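Reader: Before accepting the labels used for a protein model, I should like to see the reasoning behind them. Could you set each value against its criterion?

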Amino acid sequence: MNYFPWLTIFVICPISAGSLIFFFPHRGNKVIRQYTIFICILELFLMTYAFYYNFQLDDPLIQLTEDYKWINFFDFYWRLGIDGLSIGPILLTGFITTLATLAAWPVTRNSRLLHFLMLAMYSGQIGSFSARDLLLFFIMWELELIPVYLLLSMWGGKKRLYSATKFILYTAGSSIFLLIGALGLGLYGSNEPTLNFETSANQSYPAVLEIIFYIGFLIAFAVKSPIIPLHTWLPDTHGEAHYSTCMLLAGILLKMGAYGLIRINMELLPHAHSIFSPWLMIVGTIQIIYAASTSPGQRNLKKRIAYSSVSHMGFIIIGICSISDRGLNGAILQILSHGFIGAVLFFLAGTSYDRIRLVYLDEMGGMAIPIPKIFTMFSILSMASLALPGMSGFCAELIVFFGIITSQKYLLMPKILITFIMAIGMILTPIYSLSMSRQMFYGYKLFNAPTSYFFDSGPRELFVSISILLPVIGIGIYPDFVFSLSVDKVETILSNFF
């Protein structure tokens, strides 16, 4: 056993290091940026070091556990621990946040506050992925919210206040359900509250109560990882936010909802999950089709990418609900894969916006000649988004397909029907992605404009996009690396169902 409190350091370090930013001199923009990036890289290195040396892959139990009494009054503990399910999202968080701080390099207005907020988000994300206590999970979930609201309302686009208010109403309103559900699970069936995941996982609830809890948690997570019809905050938020915020939103925040579905709804409430999963699977297929057919109708480039990410989250829901080994593994792989691809698509959209200052697709065109490097990266990554074989999206969606077909829970006809509808969704995906790159990069509109002098992608932007492209191709060629993390954990979760 290693008793060094790694996870506490990972949770506390970014926000406490970020609060030191306010003691920096006013005119030190460059110093602040370098400091923030240094903190992020340090944290990422520490995380890879600690997980490489202290994490046993073949052990499905919780590892690196910490358990400190925090508030005596109602048995509130500071409980942290990771397993095969949360190690992937935690490393993804470190990676994407580091690149997002690098992407926020051009922002000069209020840069101290911006970098502090990014570091505070970093803490909240790692805390909510590694919390082993329901109330601690809720607190970290809320710590995430305020930085996003401020990042939206201070550095957004023209309608930023509207979209920030919409975001905070949706997510704060949904997290009330999360709080009530967590307290209900903790207070049920014992005199003093027991909030840790282990005891709740072993407890059995009456069927009606479990269904009520499930609905509450489902509402909270359906807003976060947008499940139709609670997805409408996402296109507005993504359409207005600065692209570094978009990277964090698409790469990590959406994944928190899917993680919560697996972690709480599947592990703690298995009976209700087996009741609800056919309906959720229908919702997931509808979501794939709906978002993929709404996406071409968007004029705004970022909104179009946002709808594509709603469509990809449908695969995660279907994988979670196809209560099968392969399906859940595919959902976890899709969580990581879409975290990379969504983040880098928003980044490239933002960098091209920095060049031409146009948001609407019908005003763009002909950008391939002045900015060939951005054009190349965008083409490759939109191919990755439409699940080209050899990229991570293809692996994930293929394994989700396998998970449905081999699922023990459903009859043959519904499985064939759902697979058929999902296949239609995968046909619609290339339509919007390729039409998006056609409208942006081909044609002759901007090429003969008087302002046809653009700078192409600089070394910083090229570095960000290539360092996301490498894991996408790597996971696509050798997905076993991700499965080796999650496969034992998935078997443990599914043992509740059979």
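Author: The discussion below concerns a predicted model and takes its labels one at a time.

Reader: How do you know that the overall dimensions agree with those of a compact globule?

Author: A compact globule of 498 residues would have a radius of gyration near 23 Å, and the protein has 22 Å, so the two agree. Along the principal axes, the C-alpha atoms fill a box of roughly 75 × 60 × 40 Å. The protein contains 19 helices and 2 strands, and 61% of its 498 residues count as buried. Among contacts with a separation of 6 or more, 81% are between residues 24 or more positions apart.

Reader: What makes helix α10 largely enclosed by the rest of the structure?

Author: Of the 8 residues in α10 (residues 233-240), 8 are buried, and therefore the helix is largely enclosed by the rest of the structure. The buried residues include W233, D236, H238 and E240. Their cover includes α6 (145-155), α7 (160-187), α9 (207-224), α11 (243-266), α13 (301-321) and α14 (325-356).

Reader: Why is I317 called buried?

Author: Buried means under 20% relative accessible area. I317 has a relative accessibility of 3%, so the residue counts as buried. I317 lies in helix α13 and touches I227, L280, G284 and Q287, leaving out residues up to four places away in sequence.

Reader: Why is C246 not counted in a disulfide?

Author: A disulfide requires two cysteine sulfur atoms within 2.5 Å. The closest cysteine sulfur to that of C246 belongs to C40 and is 18 Å away, which is too far for a bond. C246 is nevertheless buried, because its relative accessible area is 0%. The count for the model comes to 0 disulfides. C13 is likewise in no disulfide, the nearest cysteine sulfur, that of C40, being 9.2 Å away. With a relative accessible area of 18%, C13 is buried.

Reader: What makes the pair D133 and R79 a salt bridge?

Author: The criterion is a side-chain nitrogen of Lys or Arg within 4 Å of a carboxyl oxygen of Asp or Glu. The side chains of D133 and R79 meet at 2.8 Å, N to O, and form a salt bridge. This pair links distant parts of the chain, with D133 in the loop between α4 (111-130) and α5 (134-143) and R79 in strand β2 (residues 76-82), 54 residues apart. D133 is buried, since its relative accessible area is 0%, and R79 also counts as buried, at 10% relative accessibility.

Reader: Why are D362 and R299 called partly exposed?

Author: Partly exposed covers the range between the buried limit of 20% and the exposed limit of 50%. D362 has a relative accessible area of 38% and is therefore partly exposed, while R299, at 43%, counts as partly exposed. Their side chains meet in a salt bridge at 3.0 Å, N to O.

Reader: How do you know that K224 has no salt bridge?

Author: The limit for a salt bridge is 4 Å. The nearest side chain of opposite charge to K224 is that of E144, 6.1 Å away, and K224 has no salt bridge although buried. K224 is in helix α9, and the residues it touches include W141, E144, W233 and M256. The count for the model comes to 12 salt bridges.

How values were computed:
Residues numbered from 1 in each chain as written. Predicted model: local features only at pLDDT ≥ 70, side-chain atom pairs only at ≥ 80, totals over all residues. Heavy atoms only, no water. Buried < 20%, exposed > 50% of the residue type's maximum accessible area, 1.4 Å probe, protein only. Helix = DSSP H or I, 4+ residues; strand = E, 2+ residues; numbered from the N terminus. Contact = heavy atoms within 4.5 Å. Lys, Arg positive; Asp, Glu negative; His and termini not counted. Rg over C-alpha atoms; globule rule 2.2 N^0.38 Å.
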